Amino acid sequence: MTRRWNWDFEDERRARRRASAPSLPVNANAQARQAQIRRRRGAAGALLALALAVALVAAFATGSRDPRAARGADTPLAKRPARAQPRSDPEKDQYEAVKTVLAYTPFVKVGADRGRDIALTFDDGPGPYTPGVLSVLERYHVHATFFEVGKMLEYFSASAVRELQDGDVIGDHTETHPDLARLSAHDQREQLFEQIARVELLGGSRPVLFRPPYGAYNATTMRELRSLHLLMILWSVDSEDYLQPGVAVIVQRALAGARPGAIILMHDAGGTRTQTIEALPTIIRELRARGFHLVTVPQLLQDDAPPPGLPLPSSLSGD
C-alpha cells in the first residue's frame with residue numbers, strides 16, 4: 001500500500017499560478033479557504049431553498065385546482081378510472097436498498113452469494129484516464145461505482161457528469177484523499193462533507209456510499225459516517241492496479257477473487273491508468289463468460305444484500 005498521492009497533473013498549472021499571482025500570507029490563505037467553503041455551502045443551501053419553494057408553490061396550485069372546491073364539497077364527481085400504479089424508479093429502489101443495509105450494518109465488504117452479481121468499483125477519480133475507463137464501460141454496457149475525490153472534480157467534472165449520464169454511481173472518497181485515521185473529528189467531517197457538496201452542485205444525487213482512502217479509518221470515522229448517513233463500502237477483490245503490475249496481472253487478480261457478491265477494487269486516477277484501461281475489456285468478458293452480472297454497488301445490495309452481524313475489518317490495504 002502506498003501513501004503517495006499523485007497530483008502531477010497540477011504541476012504545470014501550479015507553476016503558472018505562482019508566476020502570475022502574488023503569494024498570500026498564511027492567514028489570508030486560511031481566510032480564502034473558509035470563504036470558499038462558505039460560498040459552496042451557501043450555494044447548496046440556496047438550491048435546496050429554491051427546490052422547497054417550488055414544491056410548496058406546486059402543492060398550493062394543485063390544491064387550488066381541486067374540482068370539489070369549484071363545485072362544492074357535496075357535489076358528486078363523475079367516476080374516474082383507477083389511477084395506474086406509478087412506474088418503479090430503479091435509482092430510488094437501489095438507494096432504498098442502501099438505507100436498508102445501513103440500518104443493520106455500517107459497512108459492506110461483499111454481498112451475499114445467493115445470486116450472480118459482481119460490482120466493479122473505481123477509486124481516486126475523476127482524472128485524465130477516466131474517459132478511457134468510461135469508454136470501455138459504455139462499449140460493454142456496464143454500470144460501475146466510482147468513489148471520487150472531491151478536489152478532482154475541480155479539474156475533471158466533465159467525466160463525473162458523463163458518469164451520471166451513463167447511470168453510474170458516485171460515492172464519497174473524501175475531498176483530498178488523506179489518511180482519515182490521522183485526522184481530528186472536525187477535519188474528517190470536512191473531508192466527507194466537502195466531497196458531498198461538490199457532487200450535489202454538479203447535479204448528482206447526494207452520495208450515500210463511502211470508501212476510505214488507503215482503507216484507513218477509525219472509530220471517529222465510523223461516528224462521522226453515521227451522522228452523515230454514509231455506508232462504508234470496502235472490497236473483497238483488490239486488483240492492485242495502482243502498482244501498475246502489467247495488464248495480465250491485473251486481469252488475473254481481478255478474476256481470481258470472482259464469486260457471487262464480489263466487490264472488485266480498481267482505479268481510474270491517482271496515477272497512470274493505461275494498464276487498467278487495457279485490462280478492463282478482458283475482465284468484463286471473462287466475468288460475463290462465467291455467468292456473472294456486472295452491477296453497481298446499490299444494485300448489488302438490492303439484489304443480494306449481505307447478512308447482519310459481520311465483523312468490521314481493522315484495516316484493508318489499497319489506494
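Guide: Buried means under 20% relative accessible area, exposed means over 50%, and partly exposed lies in between (1.4 Å probe, protein chains only). This is a predicted model: local features need pLDDT of at least 70, side-chain atom pairs count only at pLDDT 80 or more, and totals for chains, interfaces and linings use all residues. Residues are numbered from 1 along each chain as its sequence is written, and side-chain values use heavy atoms, without hydrogens and water.

Visitor: Which residues of helix α9 are buried?

Guide: In α9, residues 247-256, they are I250, V251, A254 and L255. Helices here are DSSP runs of H or I with at least four residues, strands are E runs of at least two, and both are numbered from the N terminus.

Visitor: Why are the buried residues of α9 said to line one face?

Guide: Look down the axis of α9: the buried residues fall within an arc of 120°, so they line one face. That arc is taken from the directions from the helix axis to the C-beta atoms. An α-helix has 3.6 residues a turn, so residues three or four places apart point the same way. On the other side of α9, A248 and A256 are exposed.

Visitor: What do the buried residues of α9 pack against?

Guide: They pack against β7 (237-238), β8 (263-267) and α10 (274-289). Contact means heavy atoms within 4.5 Å.

Visitor: Why is T296 called buried?

Guide: The relative accessible area of T296 is 4%. The limit is under 20%, so T296 counts as buried. T296 sits in the loop between β9 (293-295) and α11 (297-304). Setting aside neighbours within four places in sequence, T296 touches Q94, A119, H143, A144, T145, G167 and V169.

Visitor: Why is K92 put in the class it has, buried or exposed?

Guide: K92 belongs to helix α4, residues 90-102. The relative accessibility of K92 is 54%, over 50%, so K92 is exposed. K92 and P298 are 206 residues apart in sequence, with C-alpha atoms 9.9 Å apart in space.

Visitor: What makes strand β2 mostly covered?

Guide: Count the residues of β2, 117-123: seven of its seven are buried. One side has D117, A119, T121 and D123, and the other has I118, L120 and F122.

Visitor: How many bridges join β2 to β8?

Guide: There are five, and the two strands run parallel. Pairing requires at least two bridges found by DSSP, so β2 and β8 qualify. One bridge partner is I263 in β8, which matches A119. Three parallel bridges join β2 to β9, where I118 stands opposite L294. Three parallel bridges also join β2 to β3, residues 145-148, and there F122 faces F146.

Visitor: What makes a β-α-β unit out of β2 and β3?

Guide: Helix α5, residues 130-139, completes the unit with β2 and β3, and the unit is right-handed. With the strands pointing away from the viewer, the path from the first strand over the helix to the second runs clockwise.

Visitor: What is the peptide bond from G125 to P126 like, cis or trans?

Guide: That bond is cis, with omega near -5°. P126 lies in the loop between β2 and α5. Most peptide bonds are trans, and most residues other than glycine have a negative phi.

Visitor: What is phi for Y214 and for Q244?

Guide: Y214 has phi near 65°, and Y214 is not glycine. Q244, also not a glycine, has a positive phi of about 50°.

Visitor: Why do Y214 and Q244 get the burial classes they have?

Guide: Y214 has 4% relative accessibility, so Y214 is buried. Q244 has 36%, between the two limits, so Q244 is partly exposed. Q244 is in the loop between β7 and α9.
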